[in-house]
There are 2 protein chains.
Amino acid sequence: MSRQLHLNLFIYPGGHHEAGWRYKGSDPHRTVDISNYQELARKAEAAKFDAVFFADGPALADNIRYASRFRLEPLTTIAALAAATSRIGLIATASTTYTEPYNLARLFASVDHISQGRAGWNIVTTGAAQAAQNFGLEAHPLHADRYGRAHEYLEVVTKLWDSWEDEALVIDPESGIFADDSRIHTIDHTGQHFSVKGPLNLPRSPQGRPVYVQAGSSEDGRHFAALYAEAIFTAHQTLASAQEFYADIKSRAQGVGRNPDHIKVLPGISPYIGSTTAEAQALHDEFNSLTQPAYSLDVLKRMTGLDLSGHDLDGPFPRHLIAPDPDRAEASRFKLVLDIVDREKPTIRQLMHRIAGARGHWVVVGTPEKIADEIQTWFEGGAADGFNVMPPWLHGGFDAFVEHVLPILRKRGLFRDEYSGRTLRDHFGLPRPENLFTARRNISAAE
Amino acid sequence: MSRQLHLNLFIYPGGHHEAGWRYKGSDPHRTVDISNYQELARKAEAAKFDAVFFADGPALADNIRYASRFRLEPLTTIAALAAATSRIGLIATASTTYTEPYNLARLFASVDHISQGRAGWNIVTTGAAQAAQNFGLEAHPLHADRYGRAHEYLEVVTKLWDSWEDEALVIDPESGIFADDSRIHTIDHTGQHFSVKGPLNLPRSPQGRPVYVQAGSSEDGRHFAALYAEAIFTAHQTLASAQEFYADIKSRAQGVGRNPDHIKVLPGISPYIGSTTAEAQALHDEFNSLTQPAYSLDVLKRMTGLDLSGHDLDGPFPRHLIAPDPDRAEASRFKLVLDIVDREKPTIRQLMHRIAGARGHWVVVGTPEKIADEIQTWFEGGAADGFNVMPPWLHGGFDAFVEHVLPILRKRGLFRDEYSGRTLRDHFGLPRPENLFTARRNISAAE
């Protein structure tokens, strides 16, 4: 079979368009109703998607007066989705800056057991400065510090997930032996940020470890991804930018001795679908007409540091006013906004609308054929191994993709008709990682 | 209707008897299989139990060579159980010493939304010294320090759960107003242990707050319970001990201005049921014959600090060897073991068997009538508002209770035939707490 697309449904409450909750087809009253997400996960499973994906941050977003910018906690959400589905992968975001590694390791191991091998961890260092104040910190840790901690964090949780070898459980009622404790290991980690003895208090999970997903595209983020990521969620506005990123990541992975096929690059795509180009454009325009400047300007302010209230929205975006900020300079979303400004020279309102669609992700407006063509071009053009599909509103924005775009992709042989495996690693074509302690034992035995 | 019993099913992997996993009716291979717990929760719901209950500690127990002493992480577990049930309460244990309050508040608020108002939090300060080393601490915090932190912790999470008033969500697509931000509050907490700004990033949950459950019976524990607990899980070996505790807790509650009916006292009971007394005794003997000294002695060592390996198991328990330990002296389980020793003057083996049944909880061996009589005596004798039922093995130990004891309790008018409400607060007869910020607003308005 030819190389196949990987598709995740990225579920954002109210939809990815910032005014998606106001669209007539939305049901914003179901924002914290788990049955809403169970239905979506079942739809995505029926469509044979690889996974559903949830973002997260441990603080309330600014300006929720105008938008549904909060969600159920993702790990408890995917545990509840595991009970309502049987095949689809379940990816939850969690922060290396604001969660104790022992707690995080348990939560994901538990969900991997509960889902029988369908858990993925989207690793973030948490960019929102508000989070620090919910965790007793005066100031938000700087970008580089967060990544320093994240590297050590990955080392700790990886060792915890491997602290039980696969053969550790004996469960022999006759002899009275429940577990072979010679195959359960303390990890005795002491480092700059963490001191964790272990072992984890759970047997190794079906996938060995959850799938490591990562989303940062900064220099630090790329370096981190090359070392650890098995799937990367990334934001690109142009084919060229995605191609550069794709080639860079695969070559970095090779550079650290990894198989580049074992890092799936999945840009975000937010599709506005119409039976004609004009219809799709009208749909997109309707969404933009629902945006609210008070909200959109706040989003821009958080991305760029620039307060534009009081400016003429139909005047040019004042790029020269952006103050240099060494921490922000490395943030991928900041660079992406500057790229749009430099390339398109938009008015403030035009930039607001560009960002409103999917917070800086790729927005494609057109017929189902046009959407499928773009996906195929990126997929075959060295820009993507698949996509995080970001419906502008829910459920209709996803239903339209499944009903109209997916059959075209299938007809072209680009997407599966049926699952071939049971775990998220199976869907992504990723190996189950060898246990570190078993490997060490095998090396000792061979010496 | 007359006063009704409250019954929780306390689910311990492998059953509560330490050798329960070895019993012929057990299925120890399902220890980390969520469908095992979903079936149990459905059975408990069909029996109209108030709740299922999960213990927890963030470290691997010693000596798992001989027993199934680990479990799926409780919050993800009850999220998955919420999806498989619709009425039964879901109580998970979580630690105030080893979980960040913002994270814990989110997890429980999320589960309360997911379950539509069925979440309970069993608040523990974590007695296991091993936990400290999984969280970067050299030594385990002392008993009094842990409670000091717990008091402030309760203050923080309570404010977080109330940080959205009930009317904060507006969701008006027409005007574009999603939330009334004048009804969403920072909590601006700064104290000795925590500094948390808030607000929580979730709307107030169906129950307002999860039900506060608590299990410590030390002096610190009783004081804490009187202030915060809405249900207390407690261990007593005798009616007199349970009566003393019950009266003390209710009077302490009254002393701090609370309605004593809003604290439900629920001792543990582990029933060994036979159609005759002799049959029940034979069942209990069979379980004791499955215990393993290497394991049981380790349990005793953890409870008393005394290493008895090498001693004659059929000689008297050497009470005089127990070293004074100011921290341990306050631990409720330590005092309970000493009480058994002083009252019953057991041999080491007899004490091992006393503890093996349910780690120090009340073990009742007898016919269904005898079990029902004991329950009724405690319930009507000022010793209990209900019980945490602790089956020696799963599922059979629970099935026997439901099949044989429950009909007797129902015939006597002591236990519900049907749920009368939908939330755990409804089942327990607890009020939905008034929101702190709404109360403050109402007071200001009245002035």
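Q: Where does His395(B) lie?
A: Helices (DSSP H or I, at least four residues) and strands (E, at least two) are numbered from the N terminus. By that count, His395(B) falls in a loop of chain B, the one between β13 (386–389) and α12 (396–411).

Q: What kind of model is this, and which pLDDT do local features need?
A: Residues are numbered from 1 along each chain as its sequence is written, while chains are lettered from A and ligands numbered from 1 in the order in which they are written. Side-chain values use heavy atoms, leaving out hydrogens and water; the model is predicted, side-chain atom pairs count only at pLDDT 80 or more, totals for chains, interfaces and linings use all residues, and local features need pLDDT of at least 70.

Q: Which residue does a cis peptide bond join to His395(B)?
A: The bond has an omega of about 0 degrees. The partner of His395(B) is Leu394(B).

Q: Which residue is joined to Gly198(B) by a cis peptide bond?
A: Here omega is about -5 degrees. The partner sits in the loop between β8 (195–196) and β9 (211–214) of chain B. It is Pro199(B).

Q: What phi does Lys345(B) have?
A: Lys345(B) lies in the loop between α9 (332–344) and α10 (348–356) of chain B. It is not a glycine, yet its phi is positive, at about 45 degrees.

Q: Where is Asp188(A) placed?
A: Asp188(A) is a non-glycine residue with a positive phi of about 45 degrees. Its place is a loop of chain A, between β6 and β7 (189–190).

Q: How many residues apart in sequence are the parts tied together by Lys24(B) and Glu286(B)?
A: The two side chains form a salt bridge (a side-chain nitrogen of Lys or Arg within 4 Å of a carboxyl oxygen of Asp or Glu), with N to O at 3.4 Å. Lys24(B) is in the loop between β1 (6–10) and α1 (34–46) of chain B and Glu286(B) in helix α7 (residues 277–289) of chain B, so the pair links parts whose separation in sequence is 262 residues.

Q: How far apart in space are Arg252(B) and Ala225(B), C-alpha to C-alpha?
A: Arg252(B) belongs to helix α6 (residues 239–255) of chain B. Leaving aside residues up to four places away in sequence, it touches (heavy atoms within 4.5 Å) Glu219(B), Arg222(B), His223(B) and Ala226(B). Arg252(B) and Ala225(B) are 27 residues apart in sequence, and their distance in space is 8.9 Å.

Q: What area do chain A and chain B bury between them?
A: The contact draws 68 residues from chain A and 68 residues from chain B. Buried area is the accessible area (1.4 Å probe) lost when two parts are put together, summed over both. Carbon and sulfur atoms carry 62% of it, and the total is about 5,700 Å².

Q: Which residue of chain A forms a salt bridge with Arg106(B)?
A: Chain A and chain B share four salt bridges. In this one, the closest N and O atoms are 2.7 Å apart. The partner of Arg106(B) is Asp56(A).

Q: Which residues in the UniProt "binding site" feature also line the largest cavity?
A: The unreviewed UniProt entry places that feature at Asp56(A), Thr93(A), His143(A), Tyr147(A), Ser217(A) and Ser218(A). Of these, the lining of the largest cavity (1 Å grid points over the protein atoms alone where a 1.4 Å probe fits but cannot get out; lining residues have an atom within 4 Å of a point) includes Asp56(A) and Thr93(A).

Methods
UniProt positions renumbered as here; feature names shortened; annotations may be inferred. 1 Å grid on protein atoms, 1.4 Å probe; cavity = no way out; pocket = protein on both sides within 12 Å on 5 of 7 lines; lining within 4 Å.
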